[in-house]
Amino acid sequence: MNQRILIVVMFLLSMMAGLCAGSSGSDNDFLNWNALPDLPDSVGVAGPFVGISDDALIVAGGANFPDSPPWQGGQKIWYDEIYVLEKNTGGNYQWLIDNNFKLPRPLAYGVSINTQDGIVCIGGCDSQICYEDVFLIKWNSGLKKIEIESLPSLPDKLAFMSGGQVGNVIYITGGQQTMKDAKATKIFWALDLSKKGSGKNFKWDKLDPWPGASRILPLTATQSDGTYDCFYMFSGRNIASSKDTELLTDSYCYNPVEKSWKTLTDITVDDKKRCVMAGTAIASGANHILFFGGADGKLFLELEQLQRDTEQTANKAKAETAKKELLQLLNNHPGFSNDILSYHTITDTWAKAGKLPTTSHVTTTAVKWDGSFVIPTGEIRPGTRTPKIWKGQPITERSFGVINYSILGIYLLTLVGMGVYFSRRERTTDDFFKAGGRIPWWAAGLSIFGTQLSATTFMAIPAKAFATDWRYFILNMTIIMVAPFIVFMFLPFFRRLNVTSAYEYLEKRFNLASRLIGCLMFIALQMGRIGIVLLLPAIALSVVTGINISLCIVVMGTLSILYTVLGGIEAVIWTDVLQVIVLLGGAALCIVIVLFNIAGGFFGAIDIAASYNKMHTFDFAFDFTSPTLWVVLLGGLAANFISYGSDQAVIQRYLTTKDEKAAAKAIWTNGILCIPASLLFFGMGTALFVFYKTHPAQMNPTISNADAIFPWYIVTQLPDGVAGVLIAAVFAAAMSSLDSSMNSVATAITTDFYRRFNPDAADHTCLKLARWITIIVGIAGTAFALMMAGWEIKSLWDQLAGFIGLFAGGLGGLFLLGILSRRATGTGAVIGLVASGLVQFIVKQYTPIHVLLYAFTGMASCIIIGYISSLIIPAKKKSLDGLTLSTLNKKALK
C-alpha cells in the first residue's frame, strides 16, 4: 500500500511540474505585434479591398499619391493590381505578383467582406464616379490563379461605406454616391448569400436605416451581444453641401433576428467622446470589438476651416497667412492615433486596450489570419500611405503563480489520497457499486448535487447571467419541484426491487430489449458527456491561466480514473462532498470579494443591475422560441424527470444509503441545496456584469470562450492563494461529474450486460471487470476530449446537445410510461422510444421551438406513442405486481 501511495504521489508531482512549466508571460499584454513583408507597392495604398482566400492575404486596388501630396500638386492614382501574400511550408511569407492579377477596373474605397467562398468586393470609386459593381475574388493556391465571379449589383452607386456579415447576410451602411458635391447617405442594404442561385430572389434588399445621422467612413463589425450575432456600426462623418462637416461619435447595433436598431453608448475614451472615422474595427474574442486607430477629426476640422479662410477671405495678406498655416499643418501632421480601443457588447462599455506599434492605418480593412489580426497598408496621415503590414498575435501564455499551483496540487493530491483510503473497503461489487449501503443521507445528497453541477455549469451559469438575465433561474427551481415526484414515484421501485442498475427495472417492467437499449443510450450519452465535461473547462482554464489544454484534460482525466478505480462509488461520493464544499465555498468567497470592489457594495450592485434589467426573471410572453416562463418550466420539469428518474449516475446514489428513507432525504437535500446554490451562481454572474460595467479595462478582449468570464475574474482580480482555491473549484466541478460518469458506466456495463448474460459469474471477477471498465471508459473519455480539442468546439457542442435532445427525453419517457401505465407493453414501449427519436429530429429540424423544450417533446412523444402502440399491438399478459405506481406494494422489501 505504501508503495502504491508513493507511486501516485510521484506521478501527481510530475504532472504539477508540467502544469507550472506551461505557464509564463505578461498579464498586461494581449497582442504581440510583428511586421509582415511590405506591400510590393512601395508607397502603399488607401481604400484597398482586403481579405483572406485559400489561406492567402489578398490586397486589391486602392489609391495613392505616388509622387507628392496633393497640396504640393500630387495627382491621386487609382489601381487595379491584386497582390497575394502566401505563407510557404517553411513558415515564411512571400508576395506573389502577376500581371494577370487584376480587378475589373481601377477601384478603391469600397467594402470587402470575407466569406467561405472568397472575398466579396462591393462598390467603390475612381477619380470620377462611384460604382455599383459587386464581385467575388477567389485565390486558387494550387493553380496560383485569381478567379473573379460577378454577384448582384448594388441598387445604386456607392463608395466610402462600410459593411459586415451576419450568418449568410452581408450588410452595408452609409457612404456617398457621387465624387462631386458628395453627400453622406443613410443607406442600409443587405444581400442574402444563401439565395445564390435562386434567380431574381438573389438581390440586394433595402432595409430601414439606423436612427442617427447620415455618414461616410463608418466602422462596422459583427459580434455576439450575448444572445444573438448582431451587426454594429460606429462613428464616421456626415458631409453635406449645405452645412459643415459633422464628426460622429455615436454607436448602433442592428439585430437581424428582431430586425431592429438599438442606440449604444457613444465612443468614449478617458471620459471624452471620440470620433474614429475611417479606422478599422474587427470582432475579437467572445464579445469584444477592437478598433485600431482611426481619425478623431480634430485636425480635419482645422484644415477645413483654414481651407475655407483661404478661399473666402478678400484680404490677400490674411489669405496668404491662412494658406501658410494650412500647409504647415498638413506637412507637420503627427499621423493618426495609434490607440487600440475596445468595445464590449454585453456591458456596452469602452476602454483603451493598448497601442499599435506605429501610427495607425486608416481607410483599410483589418482581417483575421492564422489566429492573428492583420492590418495591411492604408493611410497614416493626410496624403501619405504606407506599405507596412502588421500582424497582431494574441498572447495566450499567462502566469498563474507558484502559490496557486501549490494549492491546486494539494487539492488534487487530497483527492487521490481519498481514493487510496477507500480502496481498502472495496472488496465486493456491492461495495464498488453501492458502497455497501454505508453512505449517510447528507453525503449522498451532496454527491447528487455535485454530479449534476459540472464545471461547465459552474462557469456557464455565471456567464449566462452575466450575458443575459435571470430567466434561466426558474430552470434550476424545477429541481425542487420534481423532488417529491422522484421520492414518491421513482425511488420506491429502485429501492424495493433491490436493483443495482436503473435499467434492471425496464426489463422487469417491459422486456430485455428495453433494458439493453436504455442502457446503451445511457452509455453513449455518458461517453459524450465525459468528453465535454473534460474539454470545456480545460479550454476556459487554458485561456485564463495559460495551462495547456491537453495537459488540463490529461490531469483531470487521469486523477479521476485513479481515485475512482481505487475507491469505487464510496471514493466518488466522498470526493464529491469535498468538491461541493470547495465549489460553493469558493463561489461564496468570490462573490463577497466582487461586491467589496463595487462602489456601494451589495446595494450599489443591485441598483446598477436593476437599471440594466439584469435581474429580470419572469417572461410571461406566450412564446415557445425563447426562454419564457412556460418554456423554462416545461423544459426544466421534463429535463429533471429525465435526470433524476432515468440517469444511472444519479440513481446510483439512491442505492448507497442504508434504506429508502435515507435515500429520500438525500434527494430532498439536493433539491433544497439547489436554491441557495442557484442564487449564488446567478448572483455571481450579475455581480460580474456590474464589476466589468464599472471596470471595462479589466477584461481581456481576445478571450474567445464566453464561459471564461468567471475564471478570468478569478485569476486576474483575486490574490494568490484565493485564486488557487477557486481554480481548484473548477477542477472539482469537472471531476465530480467525471468520476460519476465513469463509475456509473462501469456499473451499467457490468450489471446490464456481463452479469445479465453470465449470472453465475464470481463476484470477484465482476469487481475486477468493473475496475477495468472504469479505466477503459476514463481513458476513452479522456482521449475523446483530446481529439475534440482540435475540432470546432461550438459546432461539436451543438451536435452533442442535439444528439442528447434526440434520445434522452425518450429514455425518461420510457421510465414514466412504465411507472404510470399498467397497459403499456414492452413492444409498445420500445416503439415509443424509437419513435420519440424521430419526433425529436422533426422538431429540431423543422420547428423554431427553444432547445429547452426538446426534453419535454422527447419525453411526451415517447409516452404518447408508446401508450398508443401498446393498445394497438397485442402482447402477452405479465404480472405487474410492484412494477407500476398502482400495483406498488408499499410493504415490499426496502
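This is a guided tour of one predicted protein model, from the whole chain down to single residues.

**The whole chain**

Begin with everything selected and the cartoon view switched on, where the chain shows 21 helices and 32 strands. If you turn the model along its principal axes, the C-alpha atoms fill a box of roughly 110 × 65 × 60 Å. The chain has a radius of gyration of 32 Å, which agrees with the value near 29 Å that a compact globule of 894 residues would have. If you colour the residues by accessibility, you will find that buried residues make up 59% of the 894 in the chain.

**A sheet near the start of the numbering: E2, E3, E6 and E7**

Select strand E2 (49-53) and strand E7 (93-96), and then add E3 and E6, so that you have the four strands of an open antiparallel sheet whose order is E2-E3-E6-E7. Why is one side of strand E2 and of strand E7 left without a neighbour in the sheet? Both stand at the edges, and each has a single partner strand, so there is no further strand of the sheet on the other side. Neighbouring strands here are turned by 20° against each other on average, if direction is ignored. Strands of any sheet pair through backbone hydrogen bonds, and the pairing can be either parallel or antiparallel. To follow one such pairing in this sheet, zoom in on strand E6 (residues 82-87), which runs antiparallel to E7 and is joined to E7 by four bridges. Val84 is a good residue to label, together with Leu96, its bridge partner in E7.

**Strands E9, E10 and E11**

Next select strand E10 (residues 134-140), and ask whether this strand is largely enclosed or open. Five of its seven residues are buried, which means that each of those five has under 20% relative accessible area, and so strand E10 is largely enclosed by the rest of the structure. Now add strand E9 (residues 119-122), which pairs with E10 in the antiparallel sense over four bridges; in this pair, Ile122 has Val134 of E10 as its bridge partner. Then add strand E11 (residues 145-151), which also runs antiparallel to E10 and is joined to E10 by seven bridges. Along this pairing, Ile137 stands opposite Ile148 in E11.

E10 and E11 form a hairpin, with four residues between the two strands. Stop at Lys144 in this turn, where phi is positive, at about 55°, although the residue is not a glycine. Lys144 has a relative accessible area of 42%, so it counts as partly exposed.

**A second residue with positive phi: Asp270**

Move along the chain to the loop between strand E22 (268-269) and strand E23 (272-273), where Asp270 has its place. Phi of Asp270 is near 55°, again a positive value in a residue other than glycine. Is Asp270 buried or exposed? Asp270 is exposed, because its relative accessible area is 57% and the limit for that class is over 50%.

**A sheet further along: E24 to E27**

Now select strand E24 (280-284) and strand E27 (349-355), which are edge strands, each pairing on one side only. With E25 and E26 added, the four strands form an open antiparallel sheet in the order E24-E25-E26-E27. On average, neighbouring strands of this sheet are turned by 25° against each other, with direction ignored. Strand E25 (residues 288-292) and strand E26 (residues 339-344) pair over five bridges, and His288 has His344 in E26 as its bridge partner. Keep His344 labelled for the following stop.

**Cavities inside the model**

Rolling a probe the size of a water molecule over the atoms shows where empty space is left. In the whole structure, a search finds six cavities of 30 Å³ or more. The largest cavity holds about 140 Å³ of space. Which residues lie closest to the centre of the largest cavity? Of the 13 lining residues, they are His344, Asn700, Ile703, Asn705 and Ile709. The lining of the largest cavity has eight nonpolar, five polar and no charged residues.

The second largest cavity has about 40 Å³ of space. To see its surroundings, select its lining residues, among them Trp33, Leu356, His361, Ile375 and Trp390. By class, this lining has four nonpolar, four polar and no charged residues.

**A last stop in helix H13**

Finally, select helix H13 (residues 629-646) and label Ala639 within this helix. Ala639 is partly exposed, at 28% relative accessibility. Draw a distance from the C-alpha atom of Ala639 to that of Leu817: the two residues are 178 residues apart in sequence, and 16 Å apart in space.

Definitions and conventions
Residues are numbered from 1 along each chain as its sequence is written. This is a predicted model: local features need pLDDT of at least 70, side-chain atom pairs count only at pLDDT 80 or more; totals for chains, interfaces and linings use all residues. Side-chain values use heavy atoms; hydrogens and water are left out. Two strands pair if DSSP finds at least two bridges between them. Axes are lines fitted to C-alpha atoms, for helices over the stretch in contact, and angles run from 0 to 180 degrees between N-to-C directions. On a 1 Å grid over the protein atoms alone, a cavity is a set of points where a 1.4 Å probe fits but cannot get out, and a pocket is an open set with protein on both sides within 12 Å along at least five of seven lines; lining residues have an atom within 4 Å of a point. Grid points are joined across faces, edges and corners, and a volume is the space filled by probe spheres set on the points. Ala, Val, Leu, Ile, Met, Phe, Trp, Tyr, Cys and Pro count as nonpolar, Asp, Glu, Lys and Arg as charged, and the others, Gly among them, as polar. The radius of gyration is taken over C-alpha atoms; the globule rule is 2.2 Å times the number of residues to the power 0.38. Buried means under 20% relative accessible area, exposed over 50%, partly exposed in between (1.4 Å probe, protein chains only).
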